[in-house]
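Visitor: I'm new to this one, so could you walk me through it?
Guide: Gladly; have a look first, and then ask away.

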Amino acid sequence: MSCIPVTKVSNCCCKCQNEINFDQHTFFGHERKKHSVYVLDCGHLLCEECERGNSFEKCPLCGKDTSKPQEVYFEEKCLVCLYDKVKTILFPCHHACMCDECLRKEIKDGFGCPLCHCAVESYIEIEKAWM
């Protein structure tokens, strides 16, 4: 399987270019939902303020056609090794639940997303993963 990262991201792709603080976003199983992060089909991220009330037919950064932005759900720790911080967002499921090292191993071994078990077609590496 050839699975390559879409891009490395840390900022909103819209006009605001706000740095996305991954330490303040949605986590499964916790009451830490302060703000949401959304991902476009091309792999670029939107902050909650830019996503709210806007319809995006094309990505504001790269101009590629896109469907409705999808909310990303973050785990605090990798669900495979249970130690490292999550540094990737998986496509097509938009789950952020694996560190980069476990992701590479799981893809090589033919496994999918540990949350929903879908095949990983591509992924985003998060540059500043709440470090």
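Visitor: Where does Leu79 lie?
Guide: Leu79 sits in the loop between strand 5 (73-74) and strand 6, where helices (H or I, at least four residues) and strands (E, at least two) are DSSP runs numbered from the N terminus. Keep in mind that this is a predicted model, in which local features need pLDDT of at least 70 and side-chain atom pairs count only at pLDDT 80 or more, while totals for chains, interfaces and linings use all residues. Residues are numbered from 1 along each chain as its sequence is written, and side-chain values use heavy atoms, leaving out hydrogens and water.

Visitor: And is Leu79 buried or exposed?
Guide: Leu79 is partly exposed, at 30% relative accessible area; buried means under 20%, exposed over 50%, and partly exposed in between, with a 1.4 Å probe and protein chains only.

Visitor: Which residues make up a nonpolar patch with Leu79?
Guide: Leu79 forms that surface patch together with Leu82 and Leu115, and the three have about 250 Å² of accessible area together. Patch residues have over 30% relative accessible area and no salt bridge, with like charges joined within 9 Å and nonpolar side chains (Val, Leu, Ile, Met, Phe, Trp, Tyr) within 5 Å. A salt bridge here is a side-chain nitrogen of Lys or Arg within 4 Å of a carboxyl oxygen of Asp or Glu, and areas come from the Shrake-Rupley method with a 1.4 Å probe, with only the protein chains shown counting as cover for residues.

Visitor: What about the backbone at Leu82?
Guide: Leu82 has a positive phi, near 60 degrees, although this residue is not a glycine, and Leu82 is exposed, at 62% relative accessible area. His117 also has a positive phi, of about 65 degrees, without being a glycine; His117 belongs to the loop between helix 2 (100-108) and strand 8, and is exposed at 65%.

Visitor: Let's move to strand 6; which way do its residues point?
Guide: In strand 6 (residues 88-91), Thr88 and Leu90 point one way and Ile89 and Phe91 the other, and all are buried. In a regular strand the side chains alternate between the two faces of the sheet.

Visitor: How does strand 6 pair with strand 8?
Guide: The two pair in the antiparallel sense over four bridges, with strand 8 covering residues 122-126; strands count as paired if DSSP finds at least two bridges between them. Within this pairing, Thr88 has Glu125 of strand 8 as its bridge partner.

Visitor: What comes right after Phe91?
Guide: The peptide bond from Phe91 to Pro92 is cis, with omega near 15 degrees, and Pro92 is in the loop between strand 6 and strand 7 (95-96).

Visitor: Changing topic, how many disulfides does the structure hold?
Guide: It holds zero disulfides, a disulfide being a pair of cysteine sulfur atoms within 2.5 Å.

Visitor: Why is there no bond between Cys97 and Cys113?
Guide: The sulfur of Cys97 has its closest cysteine sulfur in Cys113, 3.9 Å away, which is too far for a bond. Cys97 is buried, at 0% relative accessible area. For Cys118 the closest cysteine sulfur is in Cys116, and at 3.6 Å that is also too far; Cys118 is partly exposed at 22%.

Visitor: Last one: how many helices and strands are there?
Guide: The protein chain has two helices and eight strands, and of its 131 residues 46% count as buried.
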